[in-house]
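Please open the model in your viewer and keep the sequence panel beside it, so that each selection below can be followed in turn.

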Amino acid sequence: MGLTAKLHTPHSGDYEQPTGLFINNEWVKGVDGKTFEVINPSTEEVIVSVHEATEKDVDLAVTAARKAFEGPWRRETPENRGKLLVKLADLFEKNVDLLGAVESLDNGKALTMAKGDVGMAAGCLRYYGGWADKIEGKVIETTHDAFNYTKKEPIGVCGQIIPWNFPILMWAWKIGPAIACGNTVVLKTAEQTPLSALVACNLIVEAGFPPGVINVISGFGKVAGAAISSHMDIDKVAFTGSTVVGRQIMKAAAGSNLKKVTLELGGKSPNIVFADADIDNAISWVNFGIYFNHGQCCCAGSRVYVQEDIYDKFIVRFKERAAANEVGDPFHADTFQGPQVSQLQFDRIMGYIESGKKEGATVVTGGKRKGTKGYFIEPTIFSNVTENMKIVQEEIFGPVCSIAKFKTKEEIIKTANASNYGLAAAVHTSNLNTALEVSNALRAGTVWVNAYNMLHHQLPFGGYKESGIGRELGEAALDNYTQIKTVSIRLGDALFG
């Protein structure tokens, strides 16, 4: 097997798809010669096979990253680091059609959304390019005979493990702040969706990054991901994915060299609609909150709570809106919801739907597979749910939500917070006092008011409770990739004469 394959997308036409491992600015085969198939979720057919990284390949990537960190990259000026990130952002925008098309082919998301992800990725890279020369320390006054200052220094070699639901966007979320702070990177893509990340690696070379600064490998979590988490020469690991795997990564990090860890994990987010909300606006955002990205979104508003005064009317209108979502080929212009990412994910979601039915919930709409080919599931709404049902308690990660009624603010705050997760939430109301009171009371890392899923690279994103540790995006993400050094100088004759 070679290191590229000629592929075709309906949007961008023929293109050369890298299939190797990107280590030290070169495409290489896996040491053990293993490959794995990448499946098109719309057709269930094989797109291509790519090289699989094992522990030996992780070692090679880490060696390259360490050499770069201890060598030329450590001496690179912050200004030049920023210029490289900005150049990479420009190349993302220049190649938006290709990157978006590959994302749709590989992940199954609607092309318009995939291209939107590429634009957001470019914005993220450019944002952190601007931060690169603004990472500063402090002078701290203590006594008259001491001069004290702090420096923010890079952590070193960073292992990064990204998920399959936003492949190209998570690539940028991880790489942007790490590079801005002067680190080097070994990034593992999700085994379900490696293709767009590999295409983006060609842009790393074109932008002018030195060898070894950014290394990207394709492989499985149980092998390559585990090797990254436990590697003795990786200084920090960042992971986005399930809470179950997040726990495993923490254990591996603690059991090896106690590497620093940041985790952006699961969610079961409440989406709260008060009786005084603009019902049309609320329905639009509730629909977007759960069915955006096929429901494969860690912050999806999967627990919908509607005040009893408008509950019945809301269900009727929400059913109409959900049924109007176009589900189908991601390359069709009107498609809103594509297929689920894999057979495994499809089966898991359908299992939750069956569980909801067996536990007595009512299917308002959906609940079935759509078509006979591809991993398509109808937008699904459950009503008549109770808080102890699996579909209310557990993260489904698909186009399935539950809807329940509530009476008072006090009641809904308690119910909304009764979850092990705390990633996101939303409040829909026309009353500013209600918006502020409920938002401040919710135990979630992000609360949207009269909106949902409005992510931006300037705004910190992360979770409370079992939804994670640390924050992505914004200035806050820089803390994940720097460590503070204190220098304290005693003023005296020996130094100053």
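Two strands are said to pair if DSSP finds at least two bridges between them. With that in mind, and remembering that this is a predicted model, begin by selecting β16 (362-365) and strand β17 (residues 380-383), which run antiparallel and are joined by 3 bridges. Within this pair, display Val 363, whose bridge partner in β17 is Phe 382.

Next, widen the selection to the whole sheet, which is open, has 7 strands with mixed pairing, and follows the order β16-β17-β18-β15-β14-β20-β21. Its edge strands are β16 and β21, each of which pairs on one side only, and the twist from one strand to the next averages 25 degrees.

Now add the helices that lie across this sheet. Helix α10 (residues 311-323) lies across β14 (270-273), β15 (303-307), β16, β17 and β18 (400-406), and runs at about 165 degrees to β18. Helix α11 (residues 343-358) lies across β16, β17 and β18, running at about 25 degrees to β17.

Finally, turn to the backbone just beyond β21. Most residues other than glycine have a negative phi. Select Asn 450, in the loop between β21 (446-449) and β22 (464-465), where phi is positive, near 55 degrees. Asn 450 counts as partly exposed because its relative accessibility is 31%, a value between the 20% and 50% cut-offs. Then move to Lys 465 in strand β22, where phi is again positive, near 50 degrees; at 29% relative accessibility, Lys 465 also counts as partly exposed.

Key:
Residues are numbered from 1 along each chain as its sequence is written. This is a predicted model: local features need pLDDT of at least 70, side-chain atom pairs count only at pLDDT 80 or more; totals for chains, interfaces and linings use all residues. Side-chain values use heavy atoms; hydrogens and water are left out. Helices (H or I, at least four residues) and strands (E, at least two) are DSSP runs, numbered from the N terminus. Buried means under 20% relative accessible area, exposed over 50%, partly exposed in between (1.4 Å probe, protein chains only). Axes are lines fitted to C-alpha atoms, for helices over the stretch in contact, and angles run from 0 to 180 degrees between N-to-C directions. Contact means heavy atoms within 4.5 Å.
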